[in-house]
Amino acid sequence: MKRECGILYPISSLPSRYGIGGFSMEAYEFVDFLRESGQSCWQILPLGPTGFGDSPYQSFSTFAGNPYFISLDHLIEDGLLKREECESVDWGTDPEFIDYGALYENRFKVLRKAYDRFRPTEDENEEFQTFVRENAYWLEDYCLFMALKEENGGKCWIDWDEPYKIRDRKAIDLLSVVIGETVDFFRFQQYEFMHQWQNLKEYANDRGIKIIGDMPFYVSFDSADAWAHPELFQFDEDINPVSVAGTPPDAFSATGQLWGNPVYDWPYNKKTGYDWWIQRIARCQEFYDIIRIDHFRGFDEYYAIPYGDKTAEKGEWEKGPGMDLFNAMKEKLGDVPIIAEDLGITPDSVRELLKESGYPGMKVLQFAFDESESSTFLPYCHEKNFVVYTGTHDNMTTRGWIESLSAHDRDFAREYINSIYTDYGAFTWDFIREAYRSVADLCIIPIQDYLVKGNEARLNSPATGMGNWRWRVLPNFLSDDLAKSIYKFARLYGRLPKEPAPVEMEAEEEEEDSDAEEETKA
């Protein structure tokens, strides 16, 4: 693997006129910014539809896309919406922060107008019908789940009336007469999402930019995945969970963390040849060029907490599938480019699994500088087959982290990276430089760090329920000067992309070749 670099920048954090980032012009402009900055990768967060709490790691489906990301501008260009229908809506008052309440109240009303105009030609739309057929293995369950959820006032499926909770076919068929149009509305959303995402991804790939996307280890309890396939999880015969996921008590939490996700029935998954997992990975390959798997430790062992417990104190560690799943995946899908999120406490067995899999792990510089002065995240401990970050979506911004450090840790970091600056902005850029200098093959920097943002731009604070995933970049904040500064680091530390040539450069070269041919003929 050659030395490369990229930027962590969630789709939701892109600027736009309609309340949240999406697949609009600003996304294409960022791809151009990446190329001009000498980058090879754009890392994003999970693309799934979000529910209560707005976390992309708690999605209604591991296969579906977030309809919030559908570009309303593109729907206007396609004649499915009118400009005034979009601009007359309240999308929130602060362009730097997403108002999820306003989105929830208004986005689907606008999309419904687009659907109503799309519907008359739907039966004649061969591309739409092909999408529905090819994606039926997940699409029908998801759309039915969302329509039933709407019919039940948004309640979790575990609280639906028994016939719908257990997927009684007769009851659902009877109700389908009432909710059939709603089901089709959710099909339309997924069709538009995938159409627009494929166009954006193709634009990025054509310019030498690879998309790194996130796949959570667990699925949300309130998801089409858990509702449609309870056999994959530790549920009892009445389709009630036996165990849920979390982490045990530690120095940061006396009662542990109770995530609440359903845990997998690994013997059953093994019996099926891990078919659902292989479908899931294959679907991720449609979204991303490289898949970052969150909570990689879960494949080695996972923490199962009795369902109904109020804390995570009484859970137990159980064995995961290990290399058995990855071997099955390789047999069916070949070599899948994967980054393993191996952060946190990692026993020897997890490190052995990571080594056997061959996947690169992660090194986060913010974890390197502590009282011990001997952290394995210090750059002298890095190896080539790793991805180095200043911080991740779960961390403070680097400037915010520097400001929060103890005097010892700040002095140690300054001495280690040989920073002479007391100004926190310059210190942040020195910290970015240290990541670029690492021997790790890939270097990823969050966009907030390049903008030297403080913790007002922090994306997520783990173990807090609300108020996360809101920050956005303001329009015109990504300047040519910033691109030049980033490019300088990419060049200086051997991380410039080698190929393909930038699209504009290819066009210029073709034009020059054509001019040369004309001169030769003359």
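**Notebook: pockets, cavities and one helix pair**

I began with the second largest pocket and asked which helix gives the most to its lining: α12 does, with five residues. The model I am reading is a predicted one.

**Second largest pocket**

I looked up its volume next. The second largest pocket holds about 390 Å³. I count 23 residues in its lining, and those closest to the centre are Val336, Pro337, Ile338, Tyr359 and Pro360. I then checked which elements supply at least two lining residues each. They are α12 (323–333), β9 (338–340) and α13 (348–357). By class, I noted 13 nonpolar, five polar and five charged residues in this lining.

**α11 against α12**

From the pocket I followed α12 to a helix it packs with. Helix α11 spans residues 275–287, and I read an angle of about 60° between α11 and α12. Their axes are 10 Å apart. That angle makes α11 oblique to α12. I noted the crossing of the two helices as right-handed.

Which residues meet here? On the α11 side I listed Asp275, Trp277, Ile278, Ile281, Ala282 and Gln285. On the α12 side I listed Leu325, Ala328, Met329, Lys332 and Leu333. I sorted the contact by class: eight nonpolar, one polar and two charged residues.

**Cavities**

I turned to enclosed space. How many cavities of 30 Å³ or more are there? I get four.

The largest cavity contains about 190 Å³ of space. I find 22 residues lining the largest cavity, with Pro46, Ser59, Ser61, Thr62 and Pro216 closest to its centre. Two elements, β3 (210–215) and α11, give two or more residues to this lining. Of these I marked α11, which gives the most, with three residues. So α11 appears twice in my notes: it contacts α12, and it lines the largest cavity. The class split for the largest cavity is twelve nonpolar, seven polar and three charged.

I closed with the second largest cavity, which has about 130 Å³ of space. I count 14 lining residues there, and Ser12, Pro46, Pro56, Phe69 and Tyr100 lie nearest the centre. Its lining has ten nonpolar, three polar and one charged residues. I flagged Pro46, since this residue is listed near the centre of the second largest cavity and also among those closest to the centre of the largest cavity.

Notes
Residues numbered from 1 in each chain as written. Predicted model: local features only at pLDDT ≥ 70, side-chain atom pairs only at ≥ 80, totals over all residues. Heavy atoms only, no water. 1 Å grid on protein atoms, 1.4 Å probe; cavity = no way out; pocket = protein on both sides within 12 Å on 5 of 7 lines; lining within 4 Å. Points joined across faces, edges and corners; volume = space filled by probe spheres on them. Helix = DSSP H or I, 4+ residues; strand = E, 2+ residues; numbered from the N terminus. Nonpolar A, V, L, I, M, F, W, Y, C, P; charged D, E, K, R; others polar. Axes fitted to C-alpha atoms, helices over the stretch in contact; angles between N-to-C directions. Parallel < 35°, antiparallel > 145°, perpendicular 65-115°, else oblique. Left-handed = near helix turned anticlockwise from the far one by under 90°. Contact = heavy atoms within 4.5 Å.
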